[in-house]
Amino acid sequence: MSDTLKPRDAKDAEDAVQWALGHDKALEVAGSGSKRVIGRPSQTDLTLDLSGLSGVTLYEPEELILSAGVGTPLAEIETLVATNGQELAFEPVDYGPLLGREAGEGTLGGTIAANLAGPRRIRSGAARDHFLGVTAVTGRGDTIKSGGRVVKNVTGYDLCKVLAGSWGTLAAMTEVTIKVLPRAETEATVVVGGLDDARAAQAMSAALGSSYDVSGAAHLPDHVASYFDGLPKAEASTVLRLEGFAPSVAHRKEALAALMKPFGPVALLDEAGSRALWRSIRQVKAFTAAHASERPLWRISTAPGKGHEIAARLTPAAQMFYDWGGGLVWVAMPIADEPDEASVRAAVAELGGHATLIRAPEAIRAATDVFQPEEPGVAALTKRIKASFDPKAVLNPGRMWAGV
């Protein structure tokens, strides 16, 4: 038997899980493998490679829906919908370059399984909010279907939400249906220069609380700003994105710039510069560079006003930047034998939120709580859900938490 099982269709996937059940084998559920090193090291016998389940099976632009095999490259889907003036509004982050892979290798299934979302998360939500339907094989070897192929269909939404963010530990998805939305005609970015982290948090809060419909708000401190594309200066930059029809963007851009002037010097980025900047933020470009590629990398989600306070409690040698209006903090810790988990967890426990270790050597991942430790009541519920979907722990056992 090969170390990899590669289904050609959904029935093959069901057969593979049933075979694993019958032979007491555990399966690593994977697509392209672009996010394989996120989570605890694999405790499996074989890989269930779903990359062969590729291709768009339904696309109805006028109905704003798309169905595809889970192995379909996300880049292929984004290119397809762009030809119809549409996009994936949740703007999923591309983890590939962060983890030593090429950009664009991620799959649709992996994006949903990890519940990824980029800078537009503050306005459009995460992947689970655009997840309409699914066909999947549970750890019991049964094929299940949930949701539907129309945006207004609410049947089965809860099951979709359970699978989104489960990292393949509950079921091996074979086909998913998602919502697509019209792409903005143009965009622009207001840049406020020279702010410290606390003052930047105030500026982002003012912008997001305004009537100008800001679709991206990030702060790039001076120690990382030069690694992002499109900025007018290599200095601390608080960046605020506006999208929509050209006349609306032009009006809101001037109004937002006036609102930001009390905070610091203001510059404006046109459409080309704005798209380049937010693409590099989406790809977390500061921490793919040679100076940071070996640093343990944490992704901390918290309330927008707390991000800079969490960062201030970490070692001064850490590098970081802020997305989601300050509610998402990317932190590259100093290179060490361990990733200073204690200080990260202590700061999050004090101020609220959760932290995920995105990148670290395998030995560190094996000895670290990669995902946020759960409270006892939540952990018990997680185990019951795992047992209901996958009682023999066939699918990705231990990837998120030991014993789950």
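Mentor: The largest pocket has a volume of about 840 Å³. Keep in mind that this is a predicted model.

Trainee: How many residues line the largest pocket, and which lie nearest its centre?

Mentor: The lining comprises 31 residues, and Arg128, Gly165, Trp167, Phe371 and Met400 are those nearest the centre.

Trainee: Which helices and strands each supply at least two residues of that lining?

Mentor: Two helices, H5 (157-163) and H12 (376-389), and two strands, S15 (297-301) and S18, each do so.

Trainee: What shows where empty space is left among the atoms?

Mentor: The general idea is to roll a probe the size of a water molecule over the atoms, which shows where empty space remains. In this structure, there are three cavities of 30 Å³ or more. The largest cavity holds about 340 Å³ of space. It is lined by 24 residues, and the closest to its centre are Val29, Ala30, Gly31, Gly110 and Ala113.

Trainee: Which elements each supply at least two residues of the lining of the largest cavity?

Mentor: Strand S2 (27-30), helix H3 (108-113) and strand S9 (171-179).

Trainee: Back to strand S18. Where does Arg359 lie, and is Arg359 buried or exposed?

Mentor: Arg359 belongs to S18, which spans residues 354-359. Arg359 is buried, yet has no salt bridge. For a salt bridge, a side-chain nitrogen of Lys or Arg must be within 4 Å of a carboxyl oxygen of Asp or Glu. Here the nearest side chain of opposite charge is that of Glu294, 7.2 Å away from Arg359.

Trainee: Which backbone oxygen lies 2.9 Å from a polar atom of the Arg359 side chain?

Mentor: That of Phe287. Phe287 is also one of the residues that Arg359 touches, leaving aside those up to four places away in sequence. The others are Leu98, Leu99, Ala292, Ser293, Arg295, Pro296 and Leu297.

Trainee: Now the backbone angles. What is the phi of Glu91, and where is Glu91 placed?

Mentor: Glu91 has a positive phi of about 50 degrees, although it is not a glycine. Its place is in the loop between strand S6 (86-87) and H3. Glu91 is buried, with a relative accessible area of 7%.

Trainee: What is the phi of Trp324, and is Trp324 buried or exposed?

Mentor: Trp324, also not a glycine, has a positive phi of about 55 degrees. Trp324 sits in the loop between strand S16 (319-323) and strand S17 (328-332). With a relative accessible area of 12%, Trp324 counts as buried, because the cut-off is under 20%.

Technical notes:
Residues numbered from 1 in each chain as written. Predicted model: local features only at pLDDT ≥ 70, side-chain atom pairs only at ≥ 80, totals over all residues. Heavy atoms only, no water. Helix = DSSP H or I, 4+ residues; strand = E, 2+ residues; numbered from the N terminus. Buried < 20%, exposed > 50% of the residue type's maximum accessible area, 1.4 Å probe, protein only. Lys, Arg positive; Asp, Glu negative; His and termini not counted. Polar contact = N/O pair within 3.5 Å; in protein donor to acceptor, adjacent residues only side chain to side chain. Contact = heavy atoms within 4.5 Å. 1 Å grid on protein atoms, 1.4 Å probe; cavity = no way out; pocket = protein on both sides within 12 Å on 5 of 7 lines; lining within 4 Å. Points joined across faces, edges and corners; volume = space filled by probe spheres on them.
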